[in-house]
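Open the model in your viewer and keep the sequence panel visible. The tour goes from one selection to the next and says what is found at each stop.

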Amino acid sequence: MSFNLKSVDTVESISKEDFKKNYLDKRKPLIIKGLTKDWPAREKWSTEYFKQIAGEIEVKLVDNSKADPTKVINASIASMKFGEYLDLIKREPTQLRIFFFNLFKHRPELIDDVKVPKELMGGFIESMPAMFFGGSKAITFLHYDIDLPHLFHTHFGGRKHIILFDNKWKKRLYCVPNTTYALEDYDVANPDFEKFPALKGVEGYEVFLEHGDTLFMPTGMWHWMRYIDGSFSLTLRAWDASWSRKIASVWSLFMHGAVDSGIKVIFRERYAIWREKRVFKIAEKELKKDLKKAG
């Protein structure tokens, strides 16, 4: 069993006008295969190259384990030298991944290998290029980015499987209250509709990225990712032009970041138990509402 998934539009290149009209304004995802054709990174970047220039850096690692609901999300479980980690993901399957790693902070010259796609839109946060690395068993849990940016996610060195959902499905996806991530008790690639009935009928997109492909994910889009091969990605982030979305971003950071963290510190296990019960009630209520609309 699976969600109702469709493919994402794929182009080699696209004009600013077409991108804005059909994808940016419509909040619709897009794969641009040729966006990186003139990036030095497309030919230059590899695990061996990164090992040579930054192998001595100590990196924090996470795995596929369900997050402790009383702690900060994506808390590290281990650390090792970057070079040792890169050898590991090329040598054998592993769940270990590196989350939101600013390698450019350590090696600023790497920014010259990337061309920010300003010809498509403005608002890029050039100070925050983020990299993600994962072994061939690594999975990124279902979530949307807390600060609500548009994302240009480029993959290197292998293949990546991605499932996307529009934000309108938030409650049906069992979004944990006061957070931007879903309950981790179901398999996004093979959901159990009997245990999680609100998932049945949810519509989304399925993507398979290869080396050099760029996926545009509009603001608020939910994403789940699985590394098919030991490989890595670069995410460029851009603010939406509207003030209403900028205000929503600040509100999301406050509510889903500061407020949620503060409640965790005070109530810990009691808060975690309340959230897990509440998430089912919210999802069931939303399902009933959608079924009633459908007649």
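Begin with D112, which sits in the loop between α5 (103-106) and β7 (130-134). The model is a predicted one. D112 has a relative accessible area of 59%, and because the cut-off for exposed is over 50%, D112 counts as exposed. Now add W39 to the selection. W39 and D112 are 73 residues apart in sequence, yet their C-alpha atoms are 8.7 Å apart in space.

**The second largest cavity**

Next, turn on the cavity display. How many cavities of 30 Å³ or more does the structure hold? There are three. Go to the second largest, with a volume of about 50 Å³. To see its lining, select I111, V116, F124, I125, E126, P129, L236 and R237. How do these lining residues divide by type? Six are nonpolar, two are charged and none is polar.

**From the cavity lining to T235 and D145**

Two of the residues just selected lead to the next stops. P129, in the cavity lining, is among the residues that T235 touches. Select T235 in strand β14 (residues 231-238). Is T235 buried or exposed? T235 is buried, at a relative accessible area of 5%. Leaving aside residues up to four places away in sequence, show its contacts: M128, P129, A130, F132, L151, F152 and H153. Then measure from T235 to H155: the C-alpha to C-alpha distance is 8.8 Å, across 80 residues of sequence.

R237, also in the cavity lining, is one of the residues touched by D145. D145 lies in the loop between β8 and β9. Its relative accessibility is 15%, so D145 counts as buried, the limit being under 20%. Beyond residues up to four places away in sequence, D145 touches L151, H223 and R237. L151 thus appears in the contacts of D145 and in those of T235.

**Two residues with positive phi**

Stay in the loop between β8 (139-143) and β9 (150-156) and select L148. Its phi is near 60 degrees, a positive value in a residue other than glycine. L148 is buried, with a relative accessible area of 7%.

From D145, go across to F100; the two C-alpha atoms are separated by 11 Å, and the residues are 45 apart along the chain. F100 is in strand β6 (residues 97-101). What sign does phi take at F100? Phi is positive, about 50 degrees, although F100 is not a glycine. F100 counts as partly exposed, at 32% relative accessibility.

**R226**

Select R226 in strand β13 (residues 222-227). R226 counts as partly exposed at 29% relative accessibility. Its contacts, not counting residues up to four places away in sequence, are A138, I139, K160 and H161. Add G134, which is 92 residues from R226 along the chain; their C-alpha atoms are separated by 8.6 Å.

**The helices α6 and α7**

Finish with two helices, beginning with α6, residues 243-267. α6 has 25 residues and reaches 34 Å from its first C-alpha to its last, close to the 36 Å expected at 1.5 Å a residue. Where does α6 bend? The bend is at D260 and amounts to about 30 degrees. D260 is itself among the buried residues of α6, together with S249, S252, H256, G257 and K264. Colour these residues and look along the helix. An α-helix has 3.6 residues a turn, so residues three or four places apart point the same way. Against what do the buried residues of α6 pack? They pack against α7 (269-294).

On the way there, stop at R268, just after α6, where phi is positive at about 45 degrees. Then select α7, which has 26 residues and reaches 38 Å from its first C-alpha to its last, close to the 38 Å expected at 1.5 Å a residue. The buried residues of α7 are Y271, A272, R275, V279, A283, E286 and L287, and they pack against α6. The last selection is G295, just after α7, with a positive phi of about 80 degrees.

How values were computed: Residues are numbered from 1 along each chain as its sequence is written. This is a predicted model: local features need pLDDT of at least 70, side-chain atom pairs count only at pLDDT 80 or more; totals for chains, interfaces and linings use all residues. Side-chain values use heavy atoms; hydrogens and water are left out. On a 1 Å grid over the protein atoms alone, a cavity is a set of points where a 1.4 Å probe fits but cannot get out, and a pocket is an open set with protein on both sides within 12 Å along at least five of seven lines; lining residues have an atom within 4 Å of a point. Grid points are joined across faces, edges and corners, and a volume is the space filled by probe spheres set on the points. Ala, Val, Leu, Ile, Met, Phe, Trp, Tyr, Cys and Pro count as nonpolar, Asp, Glu, Lys and Arg as charged, and the others, Gly among them, as polar. Helices (H or I, at least four residues) and strands (E, at least two) are DSSP runs, numbered from the N terminus. The expected span of a helix is 1.5 Å times one less than its number of residues. The bend at a residue is the angle between axes fitted to the seven residues ending there and the seven starting there. Buried means under 20% relative accessible area, exposed over 50%, partly exposed in between (1.4 Å probe, protein chains only). Contact means heavy atoms within 4.5 Å.
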